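Subject: Structure handover

Hi,

Here is the structure I promised to pass on to you. My notes on what turned up in it follow below, so have a look at the model first and then read on.

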Amino acid sequence: MAVQTHLLDFRTLPTGGDSMSPETYILGLEKLVIEGFYMHENFGKNSIQRIFSDYKSVSLLRGPRESLITLRYYSVQNLVTVTVEYYLENGNPSLLSYEDCKILEAKWSQESTVQKTVKTIPRILRGIPFDIYFPTTDERLLEYDVDEICFDGQSQFQHVQIFHSKSFGKMLVLDDDPNLAESDLIYTDNLMRRGIENYKNSEILILGGGDGALLCELLKENPKNVIMIEIDEMVMSACRKHMGSLCGTVLDLQTTESNNYQILTADCLPTMTQMLDSDIKFDYIFGDLTTIPLTTSESSDQVIHHFLTKVLEISFKLLRKGGKYLTHGPGTSSPQSGAMLEQLIQSQIQLIPGVSVNISKLSAFIPSFTENWNFYTVQLLPATKHSN
C-alpha cells in the first residue's frame, strides 16, 4: 500500500498573442492532459479548482480512483508540469504504469501545441512502511529495490536497519545512510588497501567497524593483534545475525578476547585516551566510523566536526613512527566535503612535532552507493632536515 506519484512535463508553443484568451488556452491544456490520461470527453466536470491569471495557472483535476491531477502552467518558460497522485491498495493494478507514461510522451509530443519532447519520471512511492529512497553525497535521489526488512531497531545512538536489496543483497543502513552491503567487498578492499599493505604481525586498531567486515578481512592477513572499538552493540548484534557473509564469525565473541583480536563495546574517544595514557602504540589505525558530513555551520554538525578532530588528534599520537591511519572520505561527487576532510587531517598533523607525513588518496566505485568513494592513507614518517 502506497501513494503513487507520477511526474511529467513538456513545453508548449507560444500562445499566439491576443488570438486566444488565457482561459481558453489553459482549458485547452486541461483537455490535452485529461484526454491523454483518461480519454474523458466531458473533462470540465472533473475539474476541482482553477487558479489562473495572465497565463499563470494551477489546475486541480479529479480523476479515477480518487486520483488528483495537478497541472501547472509557467507562462514565461512555456512549461507545463503534470503531477498525478493516488493511493494504491495492495492487490490492485496501478492506475498508470511507466509504459503508459511513455505512451503519453509519444501522444503529447505529436500535439501541435507541444514544442519539445515530453519527459516522464518513474513513479515515486510515498507512505510505504520502509525506506527505499536514499540520497547520494551530492543529494541526488536513489531508489533501491528493497524487498525485505531483515532488521529494524532504534539503539541508544542511532536508527539501525538491515534491508535486503535484489541488486546488492543485505544492506546495513544507519540513520538513513547506507553503510555497507553484501555487494561491497570492494569497499573493504580499498579501505585496507588489500594487496598494497602488509599486515602480517602488525598491531591494528579499528575505530567503529561494527558491521565486522573490516575485522573479518584483516584477520585473514595474519596480524599480531587487532582491537576494534564499536560503541553500538545493536549494530554488531544485527550484523552478526543477518550479515554473516561479510563478518563471518568474528562478531560472535563480542567483548571477549581471542588469540589475536579483541572487540570493545565502548566510546572510542575515552578508550583511545586510556590507550594513550598507557603508552600503547599501533602500526595501523582505521577510521571506519559512520559516514559523517563535514561542515563549518553552527549546528550539530559542528559537534561532529569537533569529534572527528579529536579522533584524528589522538589517532596520530597512538601511531608508531611509520604507522598509517586509513579512513574513508565522502563520495567523489562531494568535493567540498573531501577538501574539508583533507584540511582537517593536515591541521592535526601540523600539531605533531618531529614527523613528516605522506598522504595518499584513491577512489573506487561502490556498488550499493552507486558512486565513487574516496579512501585516504596517512603515514607518519620521521622528520628530516628538509621537512617543513
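**Helix α7 and its two sides**

The exposed residues Gln-274 and Asp-277 sit on the face of α7 that is turned away from its buried side. Before I go further, please keep in mind that this is a predicted model.

Which residues make up the buried side of this helix? In α7, which spans residues 268-277, Cys-268, Leu-269, Thr-271, Met-272 and Met-275 are buried. They lie on the same side of α7 because they cover an arc of only 165 degrees around the axis.

Both ends of the helix have something to show. At the N-terminal end, Asp-267 acts as the cap, with a side-chain oxygen 3.2 Å from the backbone nitrogen of Leu-269. After α7 comes Asp-279, which has a positive phi, near 60 degrees.

**The sheet**

Next, the sheet that goes with this helix. It is an open sheet of 7 strands with mixed pairing, in the order β15-β14-β13-β16-β17-β19-β18. Its edge strands are β15 (261-265) and β18, each of which pairs on one side only. From one strand to the next, the twist averages 15 degrees. Helix α7 packs on this sheet, where it touches β13 (203-208), β14 (225-230), β15 and β16 (282-288). The direction of α7 makes about 145 degrees with that of β14.

**Strand β19 and its partners**

Strand β19 (residues 371-382) deserves a look of its own. How many of its 12 residues are buried? The count is 9, so to speak of the strand as mostly covered is fair.

On one side, β19 pairs with β17 (residues 319-331), running antiparallel to it through 6 bridges. If you want to find this pairing on screen, look for Lys-324 opposite Gln-379 in β19, and for Gly-331 opposite Trp-373 in β19.

The pairing of β19 with β18 (residues 355-366) is also antiparallel and comprises 12 bridges. Here Leu-362 has Phe-375 of β19 as its bridge partner. Strands β18 and β19 form a hairpin with 4 residues between the strands, and Thr-370 in that hairpin takes a positive phi near 50 degrees.

**The hairpin of β4 and β5**

Earlier in the chain, strand β4 (residues 68-74) has side chains that alternate. Ile-69, Leu-71 and Tyr-73 point to one face and are buried. Leu-68, Thr-70, Arg-72 and Tyr-74 point to the other face and are not buried.

Strand β4 runs antiparallel to β5 (residues 79-88), and 7 bridges join the two. One of the residues to look for is Leu-68, whose bridge partner in β5 is Glu-85. The two strands form a hairpin with 4 residues between them, and Asn-78 in the turn has a positive phi of about 50 degrees.

**Cysteines**

Finally, the cysteines. How many disulfides does a search of the whole structure find? The number is 0. For Cys-216, the closest cysteine sulfur is that of Cys-247, and at 7.0 Å it is too far for a bond. Cys-216 also counts as buried, at 14% relative accessibility. Cys-150 is buried as well, with a relative accessible area of 15%.

Happy browsing, and do write back with any questions.

Best wishes

Note on methods
Residues numbered from 1 in each chain as written. Predicted model: local features only at pLDDT ≥ 70, side-chain atom pairs only at ≥ 80, totals over all residues. Heavy atoms only, no water. Buried < 20%, exposed > 50% of the residue type's maximum accessible area, 1.4 Å probe, protein only. Pairing = 2+ DSSP bridges. Arc of directions from axis to C-beta. Polar contact = N/O pair within 3.5 Å; in protein donor to acceptor, adjacent residues only side chain to side chain. Axes fitted to C-alpha atoms, helices over the stretch in contact; angles between N-to-C directions. Contact = heavy atoms within 4.5 Å. Disulfide = S-S within 2.5 Å.
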